[in-house]
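Visitor: Could you take me on a close look at the enclosed spaces inside this protein? I'd like to hear what surrounds them.

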Amino acid sequence: MKVLVTGGLGFIGSHTVVELQNEGFEVVIIDDLSNSSEDVLDGIVAISGVKPHFEKLDLKVKEDVISFFKKHSDVAGVIHFAASKAVGESVNKPLMYYENNINTLVYVLQELSKLNTQNFIFSSSCTVYGQADELPISENAPVKPAESPYGNTKQIGEEIIKDTCKINENLNSIALRYFNPIGAHFSAEIGELPIGVPQNLVPYITQTAIGMREQLSVFGGDYPTPDGTCIRDYIHVVDLAKAHVVALQRLLENKNVSNYEVFNLGTGTGSSVLEAIQSFDRVSGKKLNYKIVDRREGDVVAAYAETKKANDVLGWKTELNLDDAMASAWKWEQKIRNK
Ligand code: WQD
């Protein structure tokens, strides 16, 4: 079966392509290479021995999306990762984010709705919850006003899919709300490739440890948490990738109970920034150089997933823990810096 993975050369996309190919799916990747590289294909081949079909395509160009789907009308499912995802950047470039994250979703859904089979997996984020009132966070937690244009594009994206599913019963969709994806494939053939100064914690940790960054700044040590630093649910990207295959198979096997479903994808365990640093030190044998500084605007105090629905309904749960993820992130950093 042919599966389209948009943004398939990106961090989570590439790991999902590997897992799809491991399950025997024929994968077609669309990527505009704005935040990834065609070299990622070599890593995918090195792991799964199969080279996915790749088309460099800008999904903002409606005509190109139309011609793609005319050529690939036999697509059995679409996993839609393609989007800009930097929270801070989105605050400074809101229109770029709305154009890139919303227009592309609309064009893909418009063309998908012309096919006989319409299975759609949407890359969403726990950021839609903002600072949830209750922890762990379940799928019933209220969606709160977004703290950034990036987060808003995820909320709007879910609404677009929901509204479309209401009038198109042939469209079956699942929104996957990720917590904090980290780590890399254990082979170190693929991983996270942040461009410029990393915004996210784990790439900043590994780049500090490898000597690319002077020191990690821990944003805030005075939060109402056990050690004063923010708590997050760090999920291994390989566990996350496997969840996408399970979600797609759920739709292909018509096991979904409605044509729009939502699942939180996390470990269910919250870890503080200092605990993440301790995990890194434990698995690397290094002593990370960090200092606690002022809080970062827009950070929530704590977020970690209620995993019951994903475990019991989707039939998926994480198998890897924080140390596994940190060790894989460190191995990947050393690999790409040839150290
Ligand atoms: C994690 C914790 C920071 C960097 C965002 C998006 C989410 C997803 C993942 C795209 C926080 C602290 C970080 C640093 C630090 N993005 N930190 N020093 O903000 O939880 O989630 O990225 O899909 O949708 O919202 O992730 O890794 O930026 O931060 O102390 O140099 O690490 O304050 O507590 P975040 P993050």
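**Inside the cavities**

Guide: Let's begin with the smaller story. Strand 5 (118-125) and helix 6 (149-167) each put at least two residues into the lining of the second largest cavity. Bear in mind that this is a predicted model. The full lining of that second largest cavity is His80, Ala82, Ala83, Asn101, Phe122, Ser123, Thr153 and Lys154. Sorted by class, those lining residues come out as three nonpolar, four polar and one charged. The space they enclose is about 50 Å³.

So much for that one; what about the rest of the structure? Searching the whole of it turns up two cavities of 30 Å³ or more, and the largest has a volume of about 90 Å³. Here helix 7 (201-209) and helix 11 (322-336) are the elements to look at, as each supplies at least two residues of the lining. Helix 11 is the top contributor to the largest cavity, giving four residues.

If you want to pick out the wall of the largest cavity on screen, select Gly183, Ala184, Glu192 and Pro194, then Val202, Pro203 and Thr206, and finally Ala329, Trp332, Glu333, Ile336 and Arg337. By class, this lining holds seven nonpolar, two polar and three charged residues. Glu192, Glu333 and Arg337 are the charged ones in that wall, while Gly183 and Thr206 count as polar. Over in the second largest cavity, Lys154 is the charged lining residue, and Ala82, Ala83 and Phe122 make up the nonpolar part.

How values were computed. Residues numbered from 1 in each chain as written. Predicted model: local features only at pLDDT ≥ 70, side-chain atom pairs only at ≥ 80, totals over all residues. Heavy atoms only, no water. 1 Å grid on protein atoms, 1.4 Å probe; cavity = no way out; pocket = protein on both sides within 12 Å on 5 of 7 lines; lining within 4 Å. Points joined across faces, edges and corners; volume = space filled by probe spheres on them.
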